[in-house]
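Student: I should like to learn how to read the features of a modelled assembly. Could we work through one together?

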2 protein chains.
Amino acid sequence: MGETERALEQQLWDLVYAYDAAFDRAAQEAGLTAAQACLLTCLSQGSCTMGDLATELVCDASNITQLVGRLEARGLVTRDPDPDDRRARRVSITAAGRRQRRAIERVFTFPAERIGRLSAAEQRQLRELLAKVMAV
Amino acid sequence: MGETERALEQQLWDLVYAYDAAFDRAAQEAGLTAAQACLLTCLSQGSCTMGDLATELVCDASNITQLVGRLEARGLVTRDPDPDDRRARRVSITAAGRRQRRAIERVFTFPAERIGRLSAAEQRQLRELLAKVMAV
DNA sequence: TATTGTTATACTCTATAACTATA
DNA sequence: TATAGTTATAGAGTATAACAATA
């Protein structure tokens with residue numbers, strides 16, 4: 001492996017590390033954990049079933065039961081019967097939950113700040129490179 | 001915020017998400033957690049005190065006590081008295097620990113695979129862009 | 001019979017507070 | 001008095017297995 005590859009691997013590690021740390025901090029400043037913040041973000045697009053959330057967050061259903069339980073206890077989400085399937089539950093974000101989510105968004109300035117260091121041309125360059133790197 | 005910035009923010013999120021998932025999976029395939037893998041990586045450069053590890057891993061000392069305890073119980077690290085400061089302990093990776101660490105390295109192909117999708121010129125471009133993005 | 005979700009349980013990660021031993 | 005590390009404890013994330021209700 002060449003010098004450039006090695007340097008890139010280190011840069012990627014550093015980027016991911018800093019990104020994760022910034023997200024954790026932002027969630028924490030809003031009084032949430034990272035997992036809770038992710039769940040609220042899923043719900044901000046519309047209501048989900050427990051199973052949808054498990055799929056989206058790539059974890060076991062029993063974990064969702066616990067996460068949603070904690071958020072429900074704090075009034076950030078609701079859990080209602082699904083009219084179409086009586087086994088299922090529709091989880092929705094509340095007004096208070098939306099406020100929390102916006103609070104995180106406001107504090108999580110890391111990506112915008114870093115991207116803002118690049119010129120418009122550099123941003124387009126990076127976008128193309130990342131598209132290649134992340135293509136399925 | 002423009003179209004390019006928005007797209008870049010999403011790409012960054014996706015990249016970090018995929019990277020984290022790949023690292024977790026690699027650690028798990030080697031029978032370790034991500035935190036344990038990071039600790040072994042710290043030690044692979046040489047022995048550390050408990051306090052060094054807490055600083056390096058940005059967490060509380062009591063957490064290191066527990067992490068090291070679990071790894072020591074599995075024979076992956078040792079914890080010896082420090083000859084210079086009798087309060088301190090020197091933590092070192094064992095041969096078995098090195099084998100585990102190498103196993104993770106072998107399985108964690110994500111960064112190399114993704115970087116390998118770019119030409120040498122593209123790699124140099126990305127390296128410069130990331131240097132700008134990650135500059136202190 | 002298969003699926004949705006919950007409960008019980010257990011392990012890990014993590015932090016705070018109180019503590020011991022040493023500097 | 002300050003520092004290095006440990007212990008006790010607690011909350012959160014996560015998974016597995018067993019289960020109830022419904023499809």
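**Reading a protein–DNA model**

Tutor: Let us begin with the surface near DNA strand C, whose residues divide into 6 nonpolar, 10 polar and 8 charged. Please keep in mind that this is a predicted model.

Student: Which residues come nearest to DNA strand C?

Tutor: A residue is counted as near a strand if one of its heavy atoms lies within 4 Å of it. Of the 24 residues around DNA strand C, the nearest are A:G51, B:T33, B:D60, B:S62 and B:Q66.

Student: Which elements give two or more residues to this surface, and which gives the largest share?

Tutor: Before the elements, consider the phosphate contacts. A polar backbone atom of B:D60 is 2.7 Å from a phosphate oxygen of DNA strand C. For A:R89 the corresponding backbone distance is 3.1 Å, and for A:M50 it is 3.3 Å. As for the elements, α3 (50-57) and α4 (61-73) of chain A and α2 (34-43) and α4 (61-73) of chain B each give two or more residues to the surface near DNA strand C. The largest share, 5 residues, comes from α4(B).

Student: What part of the atoms of DNA strand C within 4 Å of the protein belongs to sugar or phosphate?

Tutor: Sugar or phosphate accounts for 65% of those atoms of DNA strand C, and bases for the rest.

Student: Which residues come nearest to DNA strand D?

Tutor: Among the 24 residues around DNA strand D, A:T33, A:D60, A:R70, B:G51 and B:R87 come nearest. Sugar or phosphate makes up 64% of the atoms of DNA strand D within 4 Å of the protein. By class, the surface near DNA strand D has 6 nonpolar, 10 polar and 8 charged residues.

Student: Which polar contacts should I inspect at DNA strand D?

Tutor: Separate contacts to phosphate from contacts to bases. An N or O atom in the side chain of A:T33 is 2.3 Å from a phosphate oxygen of DNA strand D, while a polar backbone atom of A:D60 is 2.8 Å from a phosphate oxygen. On the base side, a polar side-chain atom of B:Q66 lies 3.5 Å from a base oxygen of DNA strand D. Here α2 (34-43) and α4 of chain A, with α3 (50-57) and α4 of chain B, give two or more residues each. The largest share of this surface, 5 residues, comes from α4(A).

Student: How are the two protein chains related?

Tutor: One superposes the copies and examines the transformation. A turn of 180° with a shift of 0.0 Å along the axis lays chain A on chain B with an RMSD of 0.1 Å. The two copies are therefore related as by a two-fold rotation axis. In chain A, the C-alpha nearest that axis belongs to A:V16, at 2.7 Å. The same surface serves both copies, since 98% of the contact residues of chain A recur in chain B.

Student: How many aromatic pairs are there over all chains?

Tutor: Two rings pair if their centres lie within 6.5 Å, and planes over 60 degrees apart count as edge-to-face. The count over all chains is 10 aromatic pairs. One of them is A:W13 with B:F23, edge-to-face at 5.5 Å centre to centre and 80° between the planes. A:W13 lies in helix α1 of chain A and B:F23 in helix α1 of chain B, so this pair joins two chains.

Student: Are A:W13 and B:F23 buried or partly exposed?

Tutor: A:W13 is partly exposed at 29% relative accessibility, whereas B:F23 is buried at 10%. Both belong to one aromatic cluster with B:Y19, B:F108 and B:F110.

Definitions and conventions: Residues are numbered from 1 along each chain as its sequence is written. Chains are lettered from A and ligands numbered from 1 in the order in which they are written. This is a predicted model: local features need pLDDT of at least 70, side-chain atom pairs count only at pLDDT 80 or more; totals for chains, interfaces and linings use all residues. Side-chain values use heavy atoms; hydrogens and water are left out. Rings of Phe, Tyr and Trp (its six-membered ring) pair if their centres lie within 6.5 Å; planes under 30 degrees apart count as stacked, over 60 as edge-to-face and the rest as tilted. Helices (H or I, at least four residues) and strands (E, at least two) are DSSP runs, numbered from the N terminus. Buried means under 20% relative accessible area, exposed over 50%, partly exposed in between (1.4 Å probe, protein chains only). A polar contact is a pair of N or O atoms within 3.5 Å; within protein, one must be able to donate a hydrogen and the other to accept it, and residues adjacent in sequence count only if both atoms are side-chain atoms. Ala, Val, Leu, Ile, Met, Phe, Trp, Tyr, Cys and Pro count as nonpolar, Asp, Glu, Lys and Arg as charged, and the others, Gly among them, as polar. Copies are superposed by least squares on the C-alpha atoms of residues with pLDDT of at least 70 in both. Contact means heavy atoms within 4.5 Å.
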